[in-house]
Amino acid sequence: MTRFSAQFLFLNVGHLLDHLVMLIFASVAALFLADAWGLDYDDLIPYGTAGLVAFGAFALLAGWLGDKWSREAMMSVFFLGIGASAIATGFADTPLQIGAGLLVIGVFAAIYHPVGLAMVVEGRGRTGIPIAINGIYGNMGVALAALVTGVLIDLAGWRAAFFVPGAVAIAVGLAWMLFLRGGPVMAPASVAEAAPAATAETRPTRAVLIHVFAVIFFTTALGGLVFQSTTFALPKVFDERLAGFAISATAVGGYAFVAFTAAAFAQLIVGWLVDNYSVRWVFAGVAACQAVLFVAMVYAEGLLAFFIAVGFMLAVFGQIPINDVLVGRMAKSEWRARAFAARYIVTFAVAATALNLIAWLHETWGFEALFMVLAGAAAAILCGTLMLPKRI
């Protein structure tokens with residue numbers, strides 16, 4: 001394995017750990033802590049809000065440090081910081097303490113997207129497939145969060161669900177630091193030469209940049225709401241809708257794992273499509289699928305609900321690489337980490353509202369109302385994508 005490939009593997013594992021650690025609480029709250037601490041699910045999940053706010057709010061600082069200081073060093077801080085904070089969160093005894101732990105996790109987790117993604121696309125010509133592969137790892141982290149948490153709860157208790165991933169993150173961080181001692185990593189000529197040189201004629205104008213980034217931020221905001229709502233709520237949705245099939249924490253986590261894992265590979269398809277066809281029309285198709293499937297999920301029960309959930313998660317995960325490809329194409333290398341940071345600030349600032357939205361809608365009208373709201377958000381994303389320039 002070349003050093004360039006090894007670095008890509010480290011970055012992919014980092015993406016997996018980023019999402020896994022951030023979503024432990026979703027499964028813990030849904031499957032164990034609410035009963036253990038004598039709280040309703042709707043009362044407990046808002047304690048995760050501070051962590052999601054930090055996940056977005058600290059992205060710009062992380063991106064600035066990555067651009068101005070060192071992206072490699074920032075990844076070391078990410079691995080060690082998210083691991084140590086996850087272990088510390090596992091010692092919490094009250095909802096307030098776990099909320100504080102999640103806040104610190106969010107601070108370190110914020111490093112990955114602006115810094116890691118900037119490193120993934122650096123020196124590459126075609127970025128769709130690399131971003132898609134990296135996205136699959138991130139979504140496998142989402143999938144494993146549900147499965148690993150469920151298994152660890154059943155085998156060793158909820159604290160182990162924080163301890164084990166935290167220890168793994170620290171171990172990977174130490175391996176990353178040893179890897180960095182081998183010197184700088186350069187993209188192979190075959191990869192670098194695939195990138196066409198920018199000219200005055202091909203470089204996007206200021207007006208086009210403003211237009212495209214306005215669409216990116218609009219669709220990112222709504223996409224963040226959709227992504228966070230579906231990934232956070234799905235274990236609880238399965239707990240309610242698959243009552244005859246999901247009869248333990250491991251079973252609920254297993255169904256969520258299957259749904260997330262199957263959906264993760266949609267990114268490969270979408271990555272190939274955006275490398276070879278108009279991003280505008282690929283994006284529109286993905287958004288339309290989301291809207292239709294969210295409506296179909298409103299009253300679905302049993303295995304039908306499971307298969308519809310797999311379908312809409314395919315569309316939700318399939319959307320992820322599209323905006324990242326657009327940012328990678330439009331942003332210059334010297335400010336690319338900050339561009340990714342701005343995108344993810346929007347993503348997770350809006351995503352942070354998802355927890356309170358889930359709690360309120362679930363308590364008042366149930367998950368039927370949540371899926372109608374998500375269908376409306378997907379329809380708005382569809383309208384936004386049609387405003388992209390036709391040649392994007």
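A disulfide is a pair of cysteine sulfur atoms within 2.5 Å. Keep that cut-off at hand for the exercises below, which use a predicted model.

**Exercise 1. Find how many disulfides the structure holds, and explain why Cys-289 is or is not in one.**

Solution.
- Step 1: Start from Cys-289 and look for the closest cysteine sulfur, which belongs to Cys-383.
- Step 2: The two sulfurs are 15 Å apart, too far for a bond, because a disulfide needs them within 2.5 Å.
- Step 3: Turn to Cys-383, which is in no disulfide either.
- Step 4: The count for the structure is therefore zero disulfides.

**Exercise 2. Decide whether Cys-289 and Cys-383 are buried, partly exposed or exposed.**

Solution.
- Step 1: Recall that exposed means over 50% relative accessible area, and buried under 20%.
- Step 2: Cys-289 has 41% relative accessibility, so Cys-289 is partly exposed.
- Step 3: Cys-383 reaches 51%, so Cys-383 counts as exposed.

**Exercise 3. Locate Phe-58 and describe the nonpolar surface patch that Phe-58 helps to make.**

Solution.
- Step 1: Go to the loop between helix H3 (49–57) and helix H4 (59–68), where Phe-58 sits.
- Step 2: Check the accessibility of Phe-58: at 35%, Phe-58 is partly exposed.
- Step 3: Add Leu-61 and Trp-64, which together with Phe-58 make a patch of about 300 Å².

**Exercise 4. Work out which helix gives the most residues to the lining of the largest cavity.**

Solution.
- Step 1: Count the cavities of 30 Å³ or more; there are three.
- Step 2: Pick the largest, with about 250 Å³ of space.
- Step 3: Examine its 21 lining residues; Gly-223, Phe-227, Ile-320, Arg-343 and Thr-347 are the closest to the centre.
- Step 4: Helix H11 (206–241) is among the elements giving two or more residues to this lining, and H11 gives the most, with six.

Definitions and conventions:
Residues numbered from 1 in each chain as written. Predicted model: local features only at pLDDT ≥ 70, side-chain atom pairs only at ≥ 80, totals over all residues. Heavy atoms only, no water. Buried < 20%, exposed > 50% of the residue type's maximum accessible area, 1.4 Å probe, protein only. Patch = residues over 30% accessible without salt bridge, like charges linked within 9 Å, V, L, I, M, F, W, Y side chains within 5 Å. Areas by Shrake-Rupley, 256 points an atom, 1.4 Å probe, with all protein chains shown as cover. Salt bridge = Lys/Arg side-chain N within 4 Å of Asp/Glu carboxyl O. Helix = DSSP H or I, 4+ residues; strand = E, 2+ residues; numbered from the N terminus. 1 Å grid on protein atoms, 1.4 Å probe; cavity = no way out; pocket = protein on both sides within 12 Å on 5 of 7 lines; lining within 4 Å. Points joined across faces, edges and corners; volume = space filled by probe spheres on them.
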